[in-house]
Amino acid sequence: MIEELYIIKRNGKREPFSADKIKNAIQKAFLSVNSFATKEVLTDILSRVQVHDGISVEEIQNQVEVSLMAERYYSVAKSYILYRQRHYEDREVKDKLNFLINYCNASNAATGSKYDANANVEKKNIATLIGELPKSNFIRLNRRMLCDRIKEMYGKELADKYIHLLNQHFIYKNDETSIANYCASITMYPWLLDGTKSIGGNSTRPKNLKSFCGGFVNMVFMVSSMLSGACATPEFLMYMDYFIRKDYGNDYFQHADKVVDLSSRQRSIDKVITDCFQQVIYSINQPSGARNYQSVFWNISYYDKYYFQSLFGEFRFPDGSVPTWESVSWLQKRFMRWFNEERTQAVLTFPVETMALLSKDGDIMDQEYADFTAEMYAAGHSFFTYVSDNADSLSSCCRLRNEIQDNGFSYTLGAGGVSTGSKSVLTINLNRCIQYEHRNNIPFLQFVEEVIDLMHKVQTAYNENLKYLQTQGMLPLFDSGYIAINRQYLTIGVNGLVEAAEYMGIPITDNDEYAKFVEDILGLIERYNKQYKTKELMFNCEMIPAENVGVKHAKWDREDGYKVPRDCYNSYFYVVEDENTNVIDKFRMHGKRYIEHLTGGSALHCNLEEHLSKEQYRHLLRVAAQEGCNYFTFNIPNTVCNDCGHIDKRYLHECPECHSQNLDYLTRVIGYMKRVSSFSQGRQEEAARRYYAKME
Ligand SMILES: [Zn+2]
């Protein structure tokens, strides 16, 4: 054997090859079965081992195994294999231990998380660590389950290709660290009828305002523990209004200052209601044990008059009564004003709120709600607005848009329109795919199309696994009607779209070339979404928020020599740090021309340095309606003083109370608001690069 051979160790380091190490290991294996390897025996075995420069330890050991068998030392071979397995297990424990130590040393929970950094976990502790440790096993289990199903449905070749595309980071399976389906917008009607018994709880149906509020919190915690993503309850305020009316009369909102609590507290109706808000909101923002100390990811909706009519026009409560718009409208406004105010008292991330507005002829139809929406933005409240020219879709989930399948009402399931969501998200890394095509002289979008086709098959296989879990009684949310398996989407996510266009030299502005590029790619995905649609399968396409994927893709692509213009891929059609894209441009670039094929949604995050006036926001609502920009929010970082705790709705550089400059900022990491210090390291750096525009 040549002396200058190098082998690759498990940690990737190179080391000079040593035949003695192999000899020692073989001798030990012989001794372990009370036998002895003579020089001749060792030479015979080693003569079968072919070592070349750059060979891995693993490969050498595989060859030793084969050689022992070939020389008919079966019991020695068995001992050698078991010895390797023990070492493998030791290494696995050691890896976990290293992870544990690194996690403890990380600056915060999101940075410490190896697999899916998430700013929703505010504090690192033993409970969050318990959640992190099994994540690698979940990933393996999920891949195995999915691959077995793909093999069964489409053959081994496709399963292998799926793993290849995952490992090469052409695609990314979101939430692979959880086994639950992704997110859901639920109908609470089954809870109104039967309480939580049908999903394994012990509470009976809510009967009054008090049992509604307490029961609601428990129900949301239970539902969320069976989802890996968000839980939206679009009926929350409508149901709450029903129970307030039951307790205090249909006209309660007309005399909300009336004292109804005869205890020494002498509370008015309004105070009773805001106390309920407080109970529900603070409870839901608690870290949740069932979710490894993440709080529940909770979304609610507000509606203008037309949206409300369209969604709940036929709705009947179990006692046959109907929702009343006047009181619901009052309650929506009361809640929003209260929540805006309360956010100066404490950092409250949830609910993520969406105002749904119907548009017509370039403006919002419901003038009252258009004005109110503008007023709330001007008052410093941060929430999303969904604008549609037809109440045929709803955005329930901080971005995720869903076509409303069936707006009918049923006495067992309630309003059909609200029950939707996404079963699973699988994302394509467009920047890598496009550059790969270019590098290998593959015609534009040929490889992308291949990947997209595979993604649909993978999602179809995922759905089969979900159906299997349901037949085994593992998915009570489906069985009891909170969500319906055929009303939930399989989502094709896109990431790296802007970066792919930049690579091709296309300017990221509102221009025909860029619009065509977007249309070509997203149109292609939509074609496949339609092609793979069946009675039980629906697909949509979403520009994913990519809280941690955006950072990962940029890192992996850079490591593999691809062109990477920024450390975190954009989740928008414009470049988030570009100072030349003004506010109106952004609305246009999230307008009809670009979002047309994004059936699963995207969100424009309009980052502003200062709050605008009510008139300016009202104008931007018109711009949104005219441009067909259907989902947006305004982000003005809120200032939190680390010294005195003061929270200010403005973006400040000094605390107005104690003049400290030791400040933290609250802003949206993606869809939800958190302290920037809770973001992962990569996201903190991205947040610092965001451009906050000024309006003239
Ligand atoms: Zn202060």
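How many bridges join strand β9 (residues 298-303) to β10, and in which sense do the two strands run? The points below start there. The model is predicted.

1. **β10 and its parallel partners.** The answer is 5 bridges, and β9 and β10 run parallel. One pair can be checked directly: asparagine 299 has valine 352 as its bridge partner in β10. Strand β12 (residues 384-388) also pairs with β10. That pairing is parallel too, over 5 bridges. Here leucine 357 stands opposite valine 387 of β12.

2. **Cover and hairpin at β10.** Strand β10 spans residues 352-360 and is mostly covered, with 8 of its 9 residues buried. A further partner is strand β11 (residues 363-364). β10 and β11 are joined by 2 bridges and run antiparallel. Lysine 360 has aspartate 363 in β11 as its bridge partner. The hairpin of β10 and β11 has 2 residues between the strands. In this hairpin, aspartate 361 takes a positive phi near 50°.

3. **β19, covered on both faces.** Strand β19 (residues 539-543) has 5 of its 5 residues buried, so the rest of the structure largely encloses it. Phe539, Cys541 and Met543 lie on one side. Asn540 and Glu542 lie on the other. Both faces are covered, and all of these residues are buried. Note that the second face carries a glutamate, Glu542. β19 pairs with β18 in the parallel sense, over 5 bridges. Within that pairing, valine 494 has methionine 543 of β19 as its bridge partner.

4. **α21, a largely enclosed helix.** Of the 11 residues of helix α21 (residues 549-559), 8 are buried, so the helix is largely enclosed by the rest of the structure. The buried set is Val549, Gly550, Val551, Lys552, His553, Ala554, Trp556 and Asp557. Lys552 and Asp557 are among them. Which elements do the buried residues of α21 pack against? They meet strands β4 (171-173), β17 (420-429) and β18 (489-495), together with helices α16 (430-439) and α25 (681-689). β18 is also the parallel partner of β19. Just after α21, glycine 561 takes a positive phi of about 80°.

5. **α11 against α14.** Helix α11 (residues 236-248) and helix α14 (residues 325-342) have axes that come within 9 Å. They cross at roughly 115°. That makes α11 roughly perpendicular to α14. The crossing is right-handed. From α11, the contact uses Leu237, Met238, Met240, Asp241, Ile244 and Arg245. From α14, it uses Ser327, Val328, Leu331, Gln332 and Phe335. By class, the residues of this contact divide into 7 nonpolar, 2 polar and 2 charged. The spacing of such contacts has a general background. An α-helix has 3.6 residues a turn, so residues three or four places apart point the same way.

6. **α7 against α17.** Helix α7 (residues 135-154) and helix α17 (residues 446-471) pack at an angle of about 110°. Their axes are 9 Å apart. That makes α7 roughly perpendicular to α17. On the α7 side, the residues in contact are Met145, Leu146, Arg149, Ile150, Met153 and Tyr154. They meet Lys457, Val458, Thr460, Ala461, Tyr462, Glu464, Asn465 and Tyr468 in α17. This contact divides into 9 nonpolar, 2 polar and 3 charged residues.

7. **Glutamate 526.** This residue is found in helix α20 (residues 512-531). Is glutamate 526 buried or exposed? Glutamate 526 is buried: its relative accessible area is 16%, and the cut-off for buried is under 20%. Leaving out residues up to four places away in sequence, glutamate 526 touches His597 and Thr599.

8. **The three-stranded sheet.** One open sheet has 3 strands in the order β2-β1-β3, with mixed pairing. β2 (14-16) and β3 (55-56) stand at the edges, each with a single partner strand, so one side of each has no neighbour in the sheet. Strand β1 (residues 6-8) is joined to β3 by 2 bridges, and these strands run parallel. Isoleucine 7 stands opposite isoleucine 55 in β3.

Terms used: Residues are numbered from 1 along each chain as its sequence is written. This is a predicted model: local features need pLDDT of at least 70, side-chain atom pairs count only at pLDDT 80 or more; totals for chains, interfaces and linings use all residues. Side-chain values use heavy atoms; hydrogens and water are left out. Axes are lines fitted to C-alpha atoms, for helices over the stretch in contact, and angles run from 0 to 180 degrees between N-to-C directions. Helices (H or I, at least four residues) and strands (E, at least two) are DSSP runs, numbered from the N terminus. Angles under 35 degrees count as roughly parallel, over 145 as roughly antiparallel, 65 to 115 as roughly perpendicular and the rest as oblique. A crossing is left-handed if the near helix is turned anticlockwise from the far one by less than a right angle, and right-handed if clockwise. Contact means heavy atoms within 4.5 Å. Ala, Val, Leu, Ile, Met, Phe, Trp, Tyr, Cys and Pro count as nonpolar, Asp, Glu, Lys and Arg as charged, and the others, Gly among them, as polar. Buried means under 20% relative accessible area, exposed over 50%, partly exposed in between (1.4 Å probe, protein chains only). Two strands pair if DSSP finds at least two bridges between them.
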